Amino acid sequence: MAAVWDFPKFYLDGSLVECTNGSKPVCVALLNEEGSILLNCYVVPNGAVTNWQTNLTTLSSFNDLLECNPVHLEQVLEYLRHFIPADSVLIGHEISAIVDAFGLVKGEDYAALIETSDWFAVQLSATLCQRFTLAHILQHLLGDEIPEAESGKRDPMLDAQYARMLYFSYKDVPYDHPVMHQARQTLYEALPKDKRLVDPALTVRIVGIPEGMDEKEIKKSIVPRQVVHLVEKVADITWSENKGVVTGNTTVIFKTAHDVSQTVLRLHSNPDDWDWVVKKEGQCYAHKQNGIRIEEAEDVSLKVYVHSIPDDWNEGDVKKKLVPEMLQTHVKEIKQTQFKRTKDRSKLLGRTHIMFNEEWCVMEMLRMMQTLFLDDWSWTTQQDGTLLFCHKKENIMVEPALPMTWEELMSVFEPEQPTAREEWQPMQYGWPQETEVEVNVDVDAIGVDEEAGPEEEEAEEQEATEEDETDMELCPEESAMEVC
């Protein structure tokens, strides 16, 4: 069976307008594998237009469309099916909506769809993804300027050509390759800050702010002073009134996820002022005096940091090669690895964190690394006395997000010693000591002669000898019974 890469390739682009019956195509362009133009025309939407998307299409009315000599949708669809064989691959930048609007069916009208926008999308969380325009990618990765980029208007034929250029530039680079990681990081950092989607892992939400407190006072009074310099931005405060009391909410954005963890650590280590509260709606730190809550704060006791990851590892490799097999089912999340070049620029190394479902998983992983996997791991203490584990072959470093000493780790697994012990005395084995007992017998009362004859004395001695022999046979058993 032929691979997808061997199928004929076509490059598609277009624009949509909003109609009463959904999004409909208003223009389309199609190029073949060599870059020749097969189709480039405007389309008559089959519905009443409610939004012409003028900033993208340059159209503002049906009269503007008529001046472009549009073709009816059914005719354009016939052209597309004529040029595109059923075993073809459609390639473009954010073209899924165009393909769906034309009603093209995978498996019938085409074999596969390649979205170049997916190659560079930054997955900020399970539900949040930062995507980049074709113009932004070309400008910051290939150094090319799209003429319409400044105006914001689009030319589908030109966009299809640039999508073809982008495809050939990165088609042989795997998604998890460090080159792609670096490209995504470059694109994200090149975005203006007001256009960036914020990773939830970089934020904490502050609820119940007293009336009159501004952003500067929040940084001074609420954010721990040791991490104030890590704050990227404090969002505008939203005020609300409840039962006559005015309080505010805001979001504090940090520079990195590690900065958030450092902030939570400061709260965690200050139990005099902050309480860790877990409720059905989530977990938070609550201030004991002013009622302020810091919400959406991750429990750092569930997290392990991983440093110096090789550039050919992905998140699956981190889980498979670092997390013990018995704990892999308890992994909640492995953050997408962020790669950076070393100071000497000689290689790329990554950093991520592993989030478990329960705290005992972190403890068990660290304990197993120190006891069961001594051939692979060694441990040392940092300047502050906290643990750091180092892989002997890969030079990877692992540390708990909640710093702990070796004694603190071992105290979790060692049984608690009793506060007092009874003094132990060794068991006494051997013959019991004989004690002298004084016995007073009234000889006259029992009718025994005061002096016994020789025969009686001999009989008494023989009887006493037999009793002694019997005692010698029973004594070891009796002693054993006493010991038990």
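Here are a few friendly questions and answers about this predicted model.

Q: How many helices and strands are there in the protein chain?
A: Buried residues make up 39% of the 484 residues in the chain. As for its secondary structure, the count comes to 15 helices and 23 strands.

Q: Which helix gives the most residues to the largest nonpolar core?
A: This core has 27 residues, and Ile354, Phe356 and Leu409 touch the most other members. Elements that give two or more residues to this core include strand 17 (303-310), strand 20 (348-356) and helix 13 (406-413). The top contributor, with six residues, is helix 12.

Q: Is Asp109, the partner of Arg81 in a salt bridge, buried or exposed?
A: The closest N and O atoms of Arg81 and Asp109 are 3.2 Å apart. Arg81 lies in helix 3 and Asp109 in the loop between helix 4 and strand 7, so the pair ties together parts that are 28 residues apart in sequence. Arg81 is partly exposed, at 42% relative accessible area. Asp109 has a relative accessible area of 14%, and the cut-off for buried is under 20%, so Asp109 is buried.

Q: Which residue forms a salt bridge with Glu364?
A: Glu364 is buried, with a relative accessible area of 12%. Its partner lies three residues away in helix 12, about one turn of the helix. With the closest N and O atoms 2.7 Å apart, that partner is Arg367.

Methods. Residues numbered from 1 in each chain as written. Predicted model: local features only at pLDDT ≥ 70, side-chain atom pairs only at ≥ 80, totals over all residues. Heavy atoms only, no water. Core = buried A, V, L, I, M, F, W, Y, C linked by side-chain atoms within 4.5 Å. Buried < 20%, exposed > 50% of the residue type's maximum accessible area, 1.4 Å probe, protein only. Helix = DSSP H or I, 4+ residues; strand = E, 2+ residues; numbered from the N terminus. Salt bridge = Lys/Arg side-chain N within 4 Å of Asp/Glu carboxyl O.
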